[in-house]
Amino acid sequence: MSQIAKELLYTGKAKDVYKTDNDDEYIIKFRDDITALDGGKKDTLSKKGVYNALISTKLFEVLEAEGIKTQYIELLSPDEMLTMSLDMIPLEVICRNIATGSLVKKYPFPEKKELNPPIIQFDYKNDEYHDPMLNDSIILALDIVSQDALDEIRQITLKINRVLSDFLKSKGLLLVDFKLEYGFDKDGNIILGDEISPDTTRLWDVDTLENFDKDIFRKGEDGVVDAYRKVVDLILTDDEKDKWNVKDIE
Ligand code: 5GP
């Protein structure tokens with residue numbers, strides 16, 4: 001753990017959040033733990049944390065370059081990210097470009113149907129209630145955020161979808177769907193938080209539609225970490241790989 005980390009604030013299913021000496025900054029440690037099916041399936045997979053930290057860093061940098069505000073400040077070590085401290089909003093903001101996963105289980109969409117415009121869905125981030133899907137009225141009645149904030153979250157999410165879809169397509173990957181979490185900074189601005197990694201997105205090969213994400217684990221198949229590594233190899237530049245000694249990570 002890096003020198004500036006102070007106090008464990010929160011332990012999630014795959015990450016730990018630490019306070020630092022500076023109230024405006026946290027450190028997020030990406031662990032090797034992986035869970036699925038509402039916590040019913042668990043494992044620890046060596047190097048998964050490092051790969052997710054590297055992938056999230058890269059994707060946050062791509063977004064920042066397009067003017068999207070994220071919590072990301074810098075990667076301190078291969079699995080520790082220095083971030084802005086945020087007051088997190090308990091929403092899982094899901095954006096879908098292709099129908100799959102829970103969407104085809106719950107609604108009569110054909111598997112792999114292209115969704116244009118994309119679907120944006122809000123789930124309540126609440127383990128006790130098993131992350132139920134919300135609508136605007138429920139979000140307002142539960143006083144989670146205001147209508148203006150919700151509208152802004154939708155707009156930012158659509159922009160993120162455009163930027164990441166283009167970037168990933170240029171690297172040979174289809175951005176099928178993903179989950180984002182947002183928070184407020186100390187001035188009340190809405191900022192992208194959490195992570196963007198194969199734990200939270202579905203990524204398919206543009207040609208073969210092969211999966212490179214947590215669906216491999218959800219389905220009980222082998223090769224999850226190899227798939228995450230493949231995403232690192234595809235999206236990081238050679239300089240970024242040298243900086244983090246990616247070739248020595250095994
Ligand atoms: P689905 O609703 O089809 O299971 O998931 C849609 C997308 O959101 C997928 O990319 C999935 O990884 C992500 N997602 C939805 N809920 C969660 C969640 O609770 N945790 C994580 N890590 N990802 C989620």
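# Strands, a ligand and two buried residues

User: How many of the residues of β15 are buried?

Analyst: This is a predicted model. Strand β15, which spans 201-205, is mostly covered. Of its 5 residues, the number buried is 5.

User: Which residues of β15 are buried on each of its two faces?

Analyst: In a regular strand, side chains alternate between the two faces of the sheet. Both faces of β15 are covered. On one side the buried residues are T201, L203 and D205, and on the other they are R202 and W204.

User: In what order do the strands of the open sheet of 5 strands stand?

Analyst: Strands of a sheet pair through backbone hydrogen bonds, either parallel or antiparallel. In this open sheet of 5 strands the pairing is antiparallel. The order is β11-β10-β9-β12-β15.

User: Which are the edge strands of that sheet?

Analyst: The order of the sheet is β11-β10-β9-β12-β15. An edge strand here pairs on one side only. The two that do so are β11 (133-134) and β15.

User: How many bridges join β12 to β15?

Analyst: β12 and β15 run antiparallel. One bridge pair sets L175 against L203 in β15. The number of bridges joining β12 to β15 is 5.

User: Which residue in β12 is the bridge partner of V93?

Analyst: β9 and β12 pair in the antiparallel sense over 4 bridges. β12 is mostly covered, with 8 of its 8 residues buried. The bridge partner of V93 in β12 is L180.

User: Which residue in β11 is the bridge partner of F122?

Analyst: β10 takes in residues 114-124. This strand is joined to β11 by 2 bridges, and the two run antiparallel. The partner of F122 in β11 is L134.

User: Is N97 buried or exposed?

Analyst: N97 is found in strand β9. Leaving aside its neighbours within four places in sequence, N97 is in contact with residues including E114, L175 and V176. A residue counts as buried under 20% relative accessible area. The value for N97 is 14%, so N97 is buried.

User: Is E114 buried or exposed?

Analyst: E114 has its place in strand β10. A residue counts as exposed over 50% relative accessible area. The value for E114 is 60%, so E114 is exposed.

User: What distance separates the C-alpha atoms of E114 and V176?

Analyst: Both E114 and V176 are among the contacts of N97. Along the chain, E114 and V176 are 62 residues apart. Their C-alpha atoms are separated by 9.1 Å.

User: Which strands each supply at least two residues of the shell around the ligand?

Analyst: There are 15 residues around the ligand, and R96, S102, D177, R202 and R218 come nearest. The shell divides into 2 nonpolar, 4 polar and 9 charged residues. The strands that each supply at least two of its residues are β9 (91-98), β12 (173-180) and β15 (201-205).

User: How much of the accessible area of the ligand does the protein cover?

Analyst: A polar side-chain atom of R96 lies 2.8 Å from an oxygen atom of the ligand. For R218 a polar side-chain atom lies 3.1 Å from a ligand oxygen, and for E92 an N or O atom of the side chain is 3.2 Å from one. On its own the ligand has 500 Å² of accessible area, and the share of it covered by the protein is 81%.

User: Which residue's side chain makes a polar contact with the side chain of K48?

Analyst: K48 lies in helix α1 (residues 48-65). Its relative accessible area is 1%, so K48 is buried. Not counting residues up to four places away in sequence, K48 touches A14, R31, D32, D33, I34, D199, V225 and Y228. The side-chain polar contact, at 2.5 Å, is with D199.

User: Why do β8 and β14 each have one side without a neighbour in the sheet?

Analyst: Another open sheet has 3 strands in the order β8-β13-β14, with antiparallel pairing. β8 (87-88) and β14 (190-192) stand at its edges, so one side of each is left without a neighbour because each has a single partner strand.

User: Which residue of β14 does F184 stand opposite?

Analyst: Strand β13 covers residues 182-184. β13 pairs with β14 in the antiparallel sense over 3 bridges. In β14, F184 stands opposite I190.

How values were computed
Residues numbered from 1 in each chain as written. Predicted model: local features only at pLDDT ≥ 70, side-chain atom pairs only at ≥ 80, totals over all residues. Heavy atoms only, no water. Near = heavy atom within 4 Å. Polar contact = N/O pair within 3.5 Å; in protein donor to acceptor, adjacent residues only side chain to side chain. Areas by Shrake-Rupley, 256 points an atom, 1.4 Å probe, with all protein chains shown as cover. Nonpolar A, V, L, I, M, F, W, Y, C, P; charged D, E, K, R; others polar. Pairing = 2+ DSSP bridges. Buried < 20%, exposed > 50% of the residue type's maximum accessible area, 1.4 Å probe, protein only. Contact = heavy atoms within 4.5 Å.
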